[in-house]
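Reader: I'd like to go through this model feature by feature. Can you give me the general idea each time, and then the case in hand?

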Amino acid sequence: YEKKDYQGALKIYQSMLPSAEVYLGKGACYQELENYDEAIKNYQEAVKLDAGNTNAYYYLGLAYYYKENLTEAQKALDKAKQLDPTNTDRQEALKALSSANSDKYMNKGLDYYTSGQYTEALKNLNYAISKSPSNGYAYYYRGLTYDAMKKAPLAIADYKKAIEYSSDLSEAYYSLAIDYDASKNFVEAKKYYKKFIDMSSN
């Protein structure tokens with residue numbers, strides 16, 4: 001395995017008596033070969049034989065993640081964290097998963113917004129923010145949705161959140177300026193127009 005001869009490693013593993021470690025080793029080989037379905041099967045067998053095997057849950061979560069099955073990935077990584085809450089690898093994997101989940105629902109929300117389905121857009125954007133509360137773009141798109149629903153105060157609050165987490169998001173400054181301009185708060189409008197202009201090359 002360490003020499004990256006994964007097929008050779010698999011042949012040896014196949015000759016061994018079944019155990020959690022054997023299934024874990026086979027799963028790791030299949031994962032390196034990008035055969036995630038077989039990797040998942042073997043990690044699941046490892047879990048059956050050793051329900052306290054943190055590594056099995058961790059690698060199972062990663063395999064599901066690579067398959068883009070984020071729901072099952074979350075379950076497996078949550079279990080790994082529960083078994084070993086101090087492990088930084090598990091924590092980083094969960095953060096990456098939350099971010100991926102957030103982006104997935106943010107993009108769905110944006111699609112609903114673009115098609116004028118604002119209620120559905122809000123549902124997905126709210127979920128995206130719940131999975132990653134520092135996703136500046138999700139706040140920006142939710143702000144656009146609130147603006148489309150004529151809820152400027154909520155939009156303004158979200159644009160400010162967008163700037164807080166994504167300070168380079170020039171469109172958020174522009175949207176803020178537009179909303180302040182429309183509400184005749186010209187001092188704030190001018191401030192954000194100027195910020196937008198300073199950030200824009202055009």
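Reader: How many aromatic pairs does the structure hold?

Author: A pair of aromatic rings is described by the distance of the centres and the angle of the planes. Rings of Phe, Tyr and Trp (its six-membered ring) pair if their centres lie within 6.5 Å; planes under 30 degrees apart are stacked, over 60 edge-to-face, and the rest tilted. There are 15 such pairs here. Take Tyr43 and Tyr59, a stacked pair with 6.2 Å from centre to centre and 25° between the planes. That pair links distant parts of the chain, with Tyr43 in helix H3 and Tyr59 in helix H4, 16 residues apart. Helices, by the way, are DSSP runs (H or I, at least four residues) numbered from the N terminus.

This is a predicted model, so local features need pLDDT of at least 70 and side-chain atom pairs count only at pLDDT 80 or more, while totals for chains, interfaces and linings use all residues. Residues are numbered from 1 along each chain as its sequence is written, and side-chain values use heavy atoms, with hydrogens and water left out.

Reader: Is Tyr43 buried or exposed?

Author: Buried means under 20% relative accessible area, exposed means over 50%, and partly exposed is in between (1.4 Å probe, protein chains only). Tyr43 has a relative accessible area of 1%, so it's buried. Its partner Tyr59, at 33%, is partly exposed.

Reader: And which class does the pair of Tyr174 and Phe196 fall into?

Author: Their ring centres are 4.9 Å apart and the planes sit at 45°, so that pair is tilted. Tyr174 lies in helix H10 and Phe196 in helix H11 (residues 186–199), so the pair ties together parts 22 residues apart in sequence. Tyr174 is partly exposed because its relative accessibility is 38%; Phe196 is also partly exposed, at 23%. Elsewhere, ring pairs join Tyr137, Tyr140, Tyr141 and Tyr159 into a cluster.

Reader: What lines the largest pocket?

Author: Rolling a probe the size of a water molecule over the atoms shows where empty space is left. On a 1 Å grid over the protein atoms alone, a pocket is an open set of points where a 1.4 Å probe fits, with protein on both sides within 12 Å along at least five of seven lines; lining residues have an atom within 4 Å of a point. The largest pocket has about 200 Å³ of space. Its lining includes Tyr13, Tyr36, Tyr66 and both members of the stacked pair, Tyr43 and Tyr59. Helix H2 (20–32) gives the largest share, five residues, and H2, H3 and H4 each supply at least two.

Reader: Now helix H5: why does its length agree with what we'd expect?

Author: The expected span is 1.5 Å times one less than the number of residues. H5 (residues 70–83) has 14 residues and should therefore span 20 Å, and its end C-alpha atoms are indeed 20 Å apart. Leu70, Ala73, Gln74, Ala76, Leu77 and Ala80 are buried in H5. Those buried residues pack against helix H4 (54–66), helix H6 (88–114) and helix H7 (118–131).

Reader: Which residues does Thr54 touch?

Author: Contact means heavy atoms within 4.5 Å. Thr54 sits in helix H4 and is buried because its relative accessible area is 15%. Leaving aside neighbours within four places in sequence, Thr54 is in contact with Ala80, Leu83, Asp84 and Arg90.

Reader: Where is Ser166?

Author: Ser166 is in the loop between helix H9 (152–165) and helix H10 (170–182). Ser166 is buried, at 11% relative accessible area. Beyond its neighbours within four places in sequence, Ser166 contacts Gly136 and Tyr137.

Notes. Grid points are joined across faces, edges and corners, and a volume is the space filled by probe spheres set on the points.
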